[in-house]
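Subject: Structure for you to look over

Dear colleague,

I am passing on the structure we spoke about, and I would be glad if you could open it before reading the notes underneath.

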Amino acid sequence: MKVRVHVMLKTGVLDPQGEAVRHALGALGFEGVSSVRQGKVIELELAEGTLDETIREMCEKLLANTVIESYRIEHI
């Protein structure tokens, strides 16, 4: 089974990478981009029947820094 874990900075946490991308887009002539938030996507191939609780534990312990990041699990 495969899952994707989408990890993003929580609202209110500064995103310097996102700001750099927004600035670069403006420098390339792409106007109208007022905000960029950058995150990461982690794709896992797991044994069939792996519990969502186990996947959440992976996220909480390693894949996301839950102090400043939120995550969403997508079964694919």
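Below I go through the overall build of the chain, then its salt bridges, and then one aspartate.

Please keep in mind throughout that this is a predicted model, and that every value quoted here was computed from it.

Overall build

The chain contains two helices and three strands, and when these are read along the sequence they follow the pattern β-α-β-α-β. The C-alpha trace spans about 50 × 25 × 15 Å along its principal axes, and the radius of gyration of the chain is 16 Å, whereas a compact globule of 76 residues would have one near 11 Å. Buried residues account for 22% of the 76 residues, and the accessible surface of the chain comes to about 5500 Å², with 55% of that surface belonging to carbon and sulfur atoms. As for how the chain contacts itself, if one takes the contacts between residues at least 6 apart in sequence, 69% of them join residues at least 24 apart.

Salt bridges

Side chains of opposite charge can pair when their charged atoms come close. With a cut-off of 4 Å between a side-chain nitrogen of Lys or Arg and a carboxyl oxygen of Asp or Glu, the count for this model comes to four salt bridges, and I describe some of them here.

One of them joins the side chains of Glu-43 and Arg-4, at 2.9 Å from N to O. Since Glu-43 lies in strand 2 (residues 39-45) and Arg-4 in strand 1, this pair ties together parts that are 39 residues apart in sequence. Arg-4 also forms a salt bridge with Glu-74, where the closest N and O atoms are 3.9 Å apart. Here Glu-74 lies in strand 3 (residues 69-75) and Arg-4 in strand 1, so the pair ties together parts that are 70 residues apart in sequence. Arg-4, Glu-43 and Glu-74 are thus linked in a network of salt bridges. With regard to exposure, Glu-43 counts as partly exposed at 43% relative accessibility, Arg-4 as partly exposed at 28%, and Glu-74 as partly exposed with a relative accessible area of 25%.

Another salt bridge is formed by the side chains of Arg-22 and Glu-19, at 2.5 Å from N to O. Both of these residues lie in helix 1, three residues apart, which is about one turn of the helix. Arg-22 is partly exposed, with a relative accessible area of 25%, and Glu-19 likewise counts as partly exposed, at 40% relative accessibility.

Asp-15

The residue I would ask you to look at last is Asp-15, which sits in the loop between strand 1 (2-9) and helix 1 (16-27). Asp-15 is buried and yet has no salt bridge, the nearest side chain of opposite charge being that of Arg-37, at 4.3 Å. That distance of 4.3 Å does not meet the requirement of being within 4 Å. What does the side chain of Asp-15 reach? In this model the side chain of Asp-15 reaches the backbone nitrogen of Gln-38, at 2.7 Å. Leaving aside residues up to four places away in sequence, Asp-15 touches Leu-9, Val-36, Arg-37 and Gln-38.

With best wishes

Technical notes
Residues numbered from 1 in each chain as written. Predicted model: local features only at pLDDT ≥ 70, side-chain atom pairs only at ≥ 80, totals over all residues. Heavy atoms only, no water. Helix = DSSP H or I, 4+ residues; strand = E, 2+ residues; numbered from the N terminus. Buried < 20%, exposed > 50% of the residue type's maximum accessible area, 1.4 Å probe, protein only. Lys, Arg positive; Asp, Glu negative; His and termini not counted. Polar contact = N/O pair within 3.5 Å; in protein donor to acceptor, adjacent residues only side chain to side chain. Contact = heavy atoms within 4.5 Å. Rg over C-alpha atoms; globule rule 2.2 N^0.38 Å. Areas by Shrake-Rupley, 256 points an atom, 1.4 Å probe, with all protein chains shown as cover.
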